[in-house]
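Visitor: Please take a close look at the largest pocket. Which residues lie nearest its centre?

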Amino acid sequence: VHGYGGNRTAVWPEARALVTRGYGALLFDWQAHGESGGDVVTLGDDERHNLSGALDFLDRTGDVEPGKVGVFAFSMGGWAATPVAAKDTRVGALVLAGVTSSFDAQQREGLAALSPYLAGERWELRREGVDVARARPVDFIASLAPRPVLLLRGSLDTTVPERWMVPLLAAAREPKELWTVEGAGHGGYFEAQGERYTSKLVAFFDHALGVRSP
């Protein structure tokens, strides 16, 4: 799943690598993004239901082995994916790429300067009854255990600096791992490291889900 302001093509390199190695992949646009309907981005609150609907869709296809579903979530996508994965055991493994521990941390440490629109939107959402605290990854990540969690960041990422991911890593239980993709910023992992990156990503899912890709 993609991040704020993007669409499903943002995670195409990861999906392509997985499909090439024998996985199936489902990509979709969050509400109010890309080709999906809706007018409001809720920073993970309502988007949780988008992801739950995607998991329901996979169930209905009838060709997905239980427990063999992994989720790759980038940036804001992780705010929705972490609480869903914590409660839904259909998710067997989770990758959080460029995901901060909570929106509050970003807000306190300068999100307004980084993205005035996003910072201002938060207060508008509060007036509409949206609670971004319901999607704080740091509050949910421990519940993934014993399912594996991989935290991933770019070495040049100034949007989500390492200090905003440290509480997330600390809160997670084993098995957990933090990867730093050298030369990548907020995204662009494949562009920075090519198949070295995607091979490691596929190997994580192979091990986490107990499969061997061709």
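Guide: The pocket comes first, then a helix and a pair of strands. The model is predicted, so local features need pLDDT of at least 70 and side-chain atom pairs count only at pLDDT 80 or more, while totals for chains, interfaces and linings use all residues. Residues are numbered from 1 along each chain as its sequence is written, and side-chain values use heavy atoms, with hydrogens and water left out.

A pocket here is an open set of points on a 1 Å grid over the protein atoms alone, where a 1.4 Å probe fits, with protein on both sides within 12 Å along at least five of seven lines; lining residues have an atom within 4 Å of a point. The largest pocket has a volume of about 760 Å³, the volume being the space filled by probe spheres set on the points. Its lining comprises 34 residues, and Gly24, Ala25, Leu26, Val69 and Gly70 lie nearest the centre. At least two lining residues come from each of α1 (12–20), α2 (47–61), β1 (69–74) and α10 (195–209); helices (H or I, at least four residues) and strands (E, at least two) are DSSP runs, numbered from the N terminus. The most come from α2, with five residues. By class, 21 lining residues are nonpolar, six polar and seven charged, with Gly counted as polar.

Helix α3 (residues 76–87) has eleven of its twelve residues buried (under 20% relative accessible area, 1.4 Å probe, protein chains only). Trp79 and Pro83 are among them.

Strands β3 (residues 149–154) and β4 (residues 176–181) pair in the parallel sense over six bridges; pairing takes at least two DSSP bridges. Leucine 150 stands opposite glutamate 177 in β4.

Note on methods. Buried < 20%, exposed > 50% of the residue type's maximum accessible area, 1.4 Å probe, protein only.
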